[in-house]
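Here is a quick tour of a protein model with a ligand in it. Have the sequence and the 3D view open and follow along.

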Amino acid sequence: MDKKKVIIADQINEKGIEDLKEVAEVVVDTAITQEELINKIKDFDAIIVRSRTKVTRNVIEAADKLKIIARAGVGVDNVDVEAATERGIMVVNAPESTSITVAEHAMGLIMSLARKISIADKSVKEGKWEKSRFMGIELNGKTLGIIGMGRIGTQVVIRSKAFGMDILVNDPYITEEAATKLGVKVVDKETLLKNADVITIHVPLTPETKHSISKNEFELMKETAFIINCARGGIINEDALYDALATGKIAGAGLDVFENEPPEGSKLLELDNLVATPHIGASTKEAQRDAAIIVANEVKKVFIGEAPKNVLNMPVLDPETFQAIKPYLTLSEKLADLLIQAAKGNITEVDMTFCGELADFPRLEVFSRAVLKEMLNSILNEPVNMINAPTVAKNRGIVITESKRSEAEGYKSLIKVKIKSDEGELSIEGTAVEEPRIVRIDEYWVNVRPKGTMVIARYKDIPGSIGTIGTKLGEHGINIAKMQVGRQEPGGEAVMVLTVDQKVPADVVDEIRDLEHVYDAVYVQL
Ligand code: NAD
């Protein structure tokens, strides 16, 4: 097998490069221009960048075998993630590389406010010795309010405990288990704002969090409170912050991030009770080293066929969860395979229902992706994978719906996939205990192992119908290994699934379809 090739287009820590050399041919070209990259990218299986190199749509479209774009850092503004997704290329980053670094910076801003370090420093350098002006407070015994307890917030919890602080957390998305494990008290935002001596923000900037700290929130805070923002500018309303700081509504603020960066002309910069840093929360040598090591490891994983964990354009599962749901992933693929062979016409809609225990699985999207990948791969020329399957489907105008049902017709879990085309509808349901089983075709219950070659026929359930189909196959030397029938009532329409030992030529399927009392017949190979 050819050795995989990686291009490292920006300077990253040497350790990351060394790690990669174990499994790949590594080209380091940290001065490569955009044009050169477009010309050379076709030779590479992976590219690693920091922020200098722009992985644009043009670069991505010039790539022939690129599987992964890795950003040794957090933000991916320099990568066209949409273009990568369309081409089925993974985009990974290293979000955890900066967690400790940013948490330490937040602690630094807290300390600076508590002991007035930055203004005291300025005063001493101006030749003054104003001891009484810089009376501070101890953190020990004070209450820290953390808004957002993700990767960084968690590291802040660990560090502030060492300072003897009591901790309140507001994060509607964390589990009770995570809060108990860290020994923090989860409260609503109002309680946190009213009771905290220091408030630190570690949420992403979203429509929900934008200006989520504004005039009303400052009104609730203690007059002695400090607020820290090392997350993103725009979470705090800066006009309201200025008023709160200038009027003594709160005691101080520490900002690493601003709505406009640099915050040229901001009134905030005139205030002594504001400590400001120029968005350096993530800037440490250790964070950069870790980012390089983390992404090198992600690229290595992809090369050896393992799942990377920080994929931005695909849901990723931990190995244990993956093992647990694997039978249902295989089932999803089998259902898709069968449907695409049995259905007629252009698919317009794929409708998935997850029933029973499986309905509680939080990442149901993986099954839909598996279904779409399987279906689209068999009808399209372009490669479709778990990354680009939903985008490819959407671009072809296929409507995808997902729903959940707690009831599973007596089974532990069921997956139902229905496809609609311009020529009709077909639905199949299956379950998987140890191995996949098809349990229903349209409204007919069956019990079929989705493996091998099969003829599925709809026929009128009257004496002799089954025999004529069997005879027809026999005439062509095709042996029936297994037969399953499903019907709703005697004499009505029924469905028959015949597992056969040989391939069934198209003209034989046509002959079966032409038999009296046979409404339809299809041949599938799974
Ligand atoms: P994360 O995704 O691990 O954690 C974010 C947490 O916020 C999650 O637990 C989530 O449940 C919670 N959350 C989301 N919306 C919320 C809301 N409305 N109210 C309360 N909680 C909410 O992210 P992280 O890696 O910890 O990063 C946190 C922030 O720090 C991000 O905004 C990130 O961009 C920023 N950051 C800044 C720097 C810097 O240089 N200053 C560096 C890295 C990250």
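Let's begin with a proline: P262 is found in the loop that runs between β11 (252-255) and β12 (274-276). The peptide bond joining E261 to P262 is cis, with omega at about -5 degrees. Keep in mind as you look around that this is a predicted model.

Another backbone oddity turns up at H211. This histidine is not a glycine, yet its phi is positive, at about 55 degrees. You'll find H211 in a loop too, the one between β9 (198-201) and α10 (215-220).

**The pocket**

Now for the open space. The largest pocket has a volume of about 1400 Å³, and 38 residues line it. If you want to find its centre, look for V74, P95, T98, R151 and I152, the lining residues nearest to that point. Three elements each give two or more residues to this lining: α5 (99-114), α7 (151-162) and α12 (285-303). Of these, α12 gives the most, with three residues. As for chemistry, the lining of the largest pocket is made up of 16 nonpolar, 16 polar and six charged residues.

**The ligand**

Where does the ligand sit? It sits in that largest pocket. Around the ligand there are 23 residues, and the closest are R151, I152, D171, V203 and C230. R151 and I152 are also among the residues nearest the centre of the pocket. Sorted by class, the shell around the ligand holds 10 nonpolar, eight polar and five charged residues.

Here are some polar contacts made by oxygen atoms of the ligand:

| Residue | Atom on the protein side | Distance to a ligand oxygen |
|---|---|---|
| D171 | side-chain N or O | 2.6 Å |
| V203 | polar backbone atom | 2.9 Å |
| H279 | side-chain N or O | 3.2 Å |

So what does the protein do to the ligand's surface? On its own, the ligand exposes 870 Å², and the protein buries 83% of that area.

**The cavity**

Besides the open pocket, there is enclosed space to look at. How many cavities of 30 Å³ or more does the structure hold? It holds one. The largest cavity contains about 30 Å³ of space.

Its lining is made of N229, R232, G233, G234, I235, I236, E238, L255, V257 and F258. L255 falls within β11 (252-255), the strand on one side of the loop that holds P262. By class, the cavity lining divides into five nonpolar, three polar and two charged residues.

**Where to look again**

For a second pass, go back to D171: this residue is one of the closest to the ligand, and its side chain has an N or O atom 2.6 Å from a ligand oxygen. V203 is also on the list of closest residues, but here a polar backbone atom is the one that lies 2.9 Å from a ligand oxygen.

Note on methods:
Residues are numbered from 1 along each chain as its sequence is written. This is a predicted model: local features need pLDDT of at least 70, side-chain atom pairs count only at pLDDT 80 or more; totals for chains, interfaces and linings use all residues. Side-chain values use heavy atoms; hydrogens and water are left out. On a 1 Å grid over the protein atoms alone, a cavity is a set of points where a 1.4 Å probe fits but cannot get out, and a pocket is an open set with protein on both sides within 12 Å along at least five of seven lines; lining residues have an atom within 4 Å of a point. Grid points are joined across faces, edges and corners, and a volume is the space filled by probe spheres set on the points. Ala, Val, Leu, Ile, Met, Phe, Trp, Tyr, Cys and Pro count as nonpolar, Asp, Glu, Lys and Arg as charged, and the others, Gly among them, as polar. A residue is near a molecule or strand if one of its heavy atoms lies within 4 Å of it. A polar contact is a pair of N or O atoms within 3.5 Å; within protein, one must be able to donate a hydrogen and the other to accept it, and residues adjacent in sequence count only if both atoms are side-chain atoms. Accessible areas come from the Shrake-Rupley method with a 1.4 Å probe; for residues, only the protein chains shown count as cover. A molecule sits in a cavity or pocket if more than half of its atoms lie within 2 Å of its grid points. Helices (H or I, at least four residues) and strands (E, at least two) are DSSP runs, numbered from the N terminus.
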